Amino acid sequence: QSAFGDVALVFGDVALLFRAFSNVYLYEDALRRAGIPYRVVAGAGFYELPEIADVLNLFRALLDPLDDNALFGFLRGPLAGLSDESLWALCGQGALCAVFASDARLEDDVEQARLEEARALVAGLAAMAHRPAAEIVRAALERSGYEAILLGQYLGVQRAANVRKLLDLADTFSRRDAPTLRAFVHYLDECGHYELREGEAALPAATGAVTLMTVHKSKGLEFPLVVLPDMTAAPRSSSEGGVRLHRALGVAARPFGADGERIEPPIVTCIKARTDEERRREDARLLYVAMTRARAAVWLCGSDAAAANCWFAPFTA
């Protein structure tokens, strides 16, 4: 908690808004090293989150007893927690699926106990195969204590909330579609394959975490303090290939001349000028949206070397 004028701010009052998520990992690393809690509100990638993948590995191994990859992911992940040495020892006894289904043992008593717990979890869920998907998902989380495991990790509140959101998705799915676990896993696979937009579970500001999100995702939201990083970075430019596209002006080619250099026909120059102008307007609109998300103050951040068409350009002209 720090003083901001006559108002005391907490981490949950602060949001970093990005034009694009290309370099967000740098900020995540810096916040992590500084011990500052944060949450990333992403527009896509929910189905590829590690905590979601761990649960899906369990379900895939349950649905297909011969899926070695899914079983390996389940056993190596936090749901089972077997070490690399134990997995190596199991694989040394034959095909992993066959060894897991047998009474093969491990020398280490702690690892053997984890193996037996994993077998019991899979067997218990297999006995529920006729039940709706939501019941199996709920049973998997309760019997494994997965949410408690996640809460003990870094960003545990967000990770546990994401898993709880998976359960909510299963509840919704079971009400409107074929409620089998196989159908639900297929549905999640399709969502991930076609990159359907699904953000992480939303956390209340009371959780005390700095929010990292894109400007597009911030529409309609407000934060006491908004930080706009990378203000001096150049926006992503369009391709300079052989073809120019514009919704209203059409398609134009940039052919090669006799000297091997590309020729710029007037229509290509026109399309480039129109595209650049539209990009400048969109940048200005996006900057306005970002700055108006702040309830009290905006911090504009950048480096000494500013690109000509960066967000800082209007302030330095």
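Biologist: What makes up the secondary structure here, and how many helices and strands are there?
Modeller: In this predicted model, the protein has twelve helices and nine strands. Of its 317 residues, 41% are buried.

Biologist: Happy to start with helix H11 (residues 266-291), where threonine 275 lies. Why is threonine 275 called buried or exposed?
Modeller: Its relative accessible area is 18%. Buried means under 20%, so threonine 275 counts as buried.

Biologist: And which residues does threonine 275 touch, leaving aside those up to four places away in sequence?
Modeller: Threonine 275 touches Leu245 and His246. Leucine 245 sits in strand S7 (residues 243-246).

Biologist: Good, let's stay with leucine 245. How do you know whether leucine 245 is buried or exposed?
Modeller: The relative accessible area of leucine 245 is 60%. Exposed means over 50%, so leucine 245 is exposed. Leu245 also joins Val243 and Val251 in a nonpolar surface patch of about 320 Å².

Biologist: On to the rings. How many aromatic pairs are there?
Modeller: The count comes to four aromatic pairs. One of them is formed by phenylalanine 18 and tyrosine 27, with 5.1 Å centre to centre and 70° between the planes.

Biologist: What makes the pair of phenylalanine 18 and tyrosine 27 edge-to-face?
Modeller: Centres within 6.5 Å make a pair, and planes over 60 degrees apart count as edge-to-face. With 5.1 Å and 70°, phenylalanine 18 and tyrosine 27 therefore form an edge-to-face pair.

Biologist: Why do phenylalanine 18 and tyrosine 27 get their burial labels?
Modeller: Phenylalanine 18 has 2% relative accessibility, so it counts as buried. Tyrosine 27 has 24%; partly exposed covers the range between 20% and 50%, so tyrosine 27 counts as partly exposed.

Biologist: Lovely. Why is the pair of phenylalanine 184 and tyrosine 187 called stacked?
Modeller: The angle between their planes is 25°, and the distance is 6.4 Å centre to centre. Stacked needs planes under 30 degrees apart and centres within 6.5 Å, so this pair is stacked. Both residues lie in helix H10 (residues 181-193), three residues apart, about one turn of the helix. Phenylalanine 184 is buried at 0% relative accessible area, whereas tyrosine 187 is partly exposed at 24%.

Biologist: Which residues form one aromatic cluster with Phe184?
Modeller: Phe173 and Tyr187 form the cluster with Phe184.

Biologist: One last ring: what makes arginine 119 lie over the face of phenylalanine 100?
Modeller: Arginine 119 is 5.9 Å from the ring centre of phenylalanine 100. The distance cut-off is within 6 Å, so arginine 119 meets that part of the rule.

Key:
Residues numbered from 1 in each chain as written. Predicted model: local features only at pLDDT ≥ 70, side-chain atom pairs only at ≥ 80, totals over all residues. Heavy atoms only, no water. Patch = residues over 30% accessible without salt bridge, like charges linked within 9 Å, V, L, I, M, F, W, Y side chains within 5 Å. Areas by Shrake-Rupley, 256 points an atom, 1.4 Å probe, with all protein chains shown as cover. Salt bridge = Lys/Arg side-chain N within 4 Å of Asp/Glu carboxyl O. Helix = DSSP H or I, 4+ residues; strand = E, 2+ residues; numbered from the N terminus. Buried < 20%, exposed > 50% of the residue type's maximum accessible area, 1.4 Å probe, protein only. Contact = heavy atoms within 4.5 Å. Phe/Tyr/Trp six-rings, centres within 6.5 Å; stacked < 30°, edge-to-face > 60°. Lys NZ or Arg CZ within 6 Å of the ring centre and 35° of its normal.
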